[in-house]
Amino acid sequence: MNISSENLMLAVDQLSDSGYFVWDDFVSKENIKKLVLIADQGNQSGDFKKAGIGKQALFQLDKSVRGDYIQWLDRNNQNEIIHQFLDKIELLKNSLNETCYLGLKDFEIHFAIYPENTFYKKHVDRFQQNAHRVISFVLYMNENWQEGHGGELAIYLDDKVEIVQPLAGRLLLFRSELEHEVLMSYRNRYSITGWMLDRDMSLTFLP
Ligand code: OGA
Ligand code: NI
């Protein structure tokens, strides 16, 4: 497996200049199809849970803030395509470290499904309880997405709002402290969302 060095250079530049980068065809359409099937199977067998906000004692469920269902993914997962994706993100993380000195140590990812007419209000991914998130990334898995289906991601930059369409195979990377929002999705919306961390996952329970 390899990573396009041209895109990697663009990602490094844009993450530091604008705070985000859109990487099209990060995952092939063929593998996106397989990932959607895996997500649907997981969803049908009850592996997805309503996503909450906050962590541990401060965890709460609030549909007026976010409406998605998630399934955490890690190396215990038996699926080969999931492993391939984890490998590719690992490679990306290491490459970013070599060029950006971000001190990325680990990452965490989950599947997310937003049912019709759900959204995730404006928020940041890095805050007191999630202080170790440095780079957020989202792999979109919506085949045949069209204008009007909704579910775009709005990123709030200093001088403008950037709208990113959730197109199948596209990986969006952005700095976790940037405000962003998932706009109302009028169809089921599929993604894998994750965060690169400046600390090992096994230690994130520490302050
Ligand atoms: C999140 C999030 C963005 C997206 O899960 O924190 O902002 O486009 N997701 O799914
Ligand atoms: Ni977010």
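## His123 and its surroundings

His123 has its place in strand 5, and the model in which it is described here is a predicted one. With a relative accessibility of 14%, His123 counts as buried, because buried means under 20% relative accessible area.

The side chain of His123 has a polar atom that lies 2.8 Å from the backbone oxygen of Lys121. When residues up to four places away in sequence are left out of the count, His123 touches Leu178, Glu179 and His180.

## The shell around ligand 1

His123 also belongs to the residues around ligand 1, which are Tyr120, His123, Asp125, Val138, Tyr140, Leu153, His180, Val182, Arg189, Thr193 and Trp195. Sorted by character, the residues of this shell divide into six nonpolar, three polar and two charged.

Several side chains of the shell place an N or O atom beside an oxygen atom of the ligand. For Tyr140 the distance from such a side-chain atom to an oxygen atom of ligand 1 is 2.7 Å, for His180 it is 2.8 Å, and for Asp125 it is 3.1 Å. How much of the accessible area that ligand 1 has on its own does the protein cover? Taken alone, ligand 1 has 290 Å² of accessible area, and the protein covers 98% of it.

The elements that give two or more residues to the shell around ligand 1 are strand 5 (118-123), strand 6 (133-140), strand 10 (179-185) and strand 11 (189-197). Strand 11 gives the most, with three residues.

## The chain as a whole

The secondary structure of the chain comes to three helices and 11 strands, and, read along the sequence, these elements follow the pattern α-β-α-β-β-α-β-β-β-β-β-β-β-β. The radius of gyration of the chain is 16 Å, which is close to the 17 Å that the globule rule gives for 207 residues, so the chain is as compact as a globular protein of that length. Along its principal axes, the C-alpha trace spans about 40 × 40 × 40 Å.

## Burial, contacts and surface

Of the 207 residues in the chain, 48% are buried, and His123, as described above, counts as one of the buried residues. If one considers the contacts between residues at least 6 apart in sequence, 76% of them join residues that are at least 24 apart. Turning to the outside, the chain exposes about 10700 Å², and carbon and sulfur atoms supply 49% of this area.

Terms used: Residues numbered from 1 in each chain as written. Chains lettered and ligands numbered in written order. Predicted model: local features only at pLDDT ≥ 70, side-chain atom pairs only at ≥ 80, totals over all residues. Heavy atoms only, no water. Near = heavy atom within 4 Å. Polar contact = N/O pair within 3.5 Å; in protein donor to acceptor, adjacent residues only side chain to side chain. Areas by Shrake-Rupley, 256 points an atom, 1.4 Å probe, with all protein chains shown as cover. Helix = DSSP H or I, 4+ residues; strand = E, 2+ residues; numbered from the N terminus. Nonpolar A, V, L, I, M, F, W, Y, C, P; charged D, E, K, R; others polar. Rg over C-alpha atoms; globule rule 2.2 N^0.38 Å. Buried < 20%, exposed > 50% of the residue type's maximum accessible area, 1.4 Å probe, protein only. Contact = heavy atoms within 4.5 Å.
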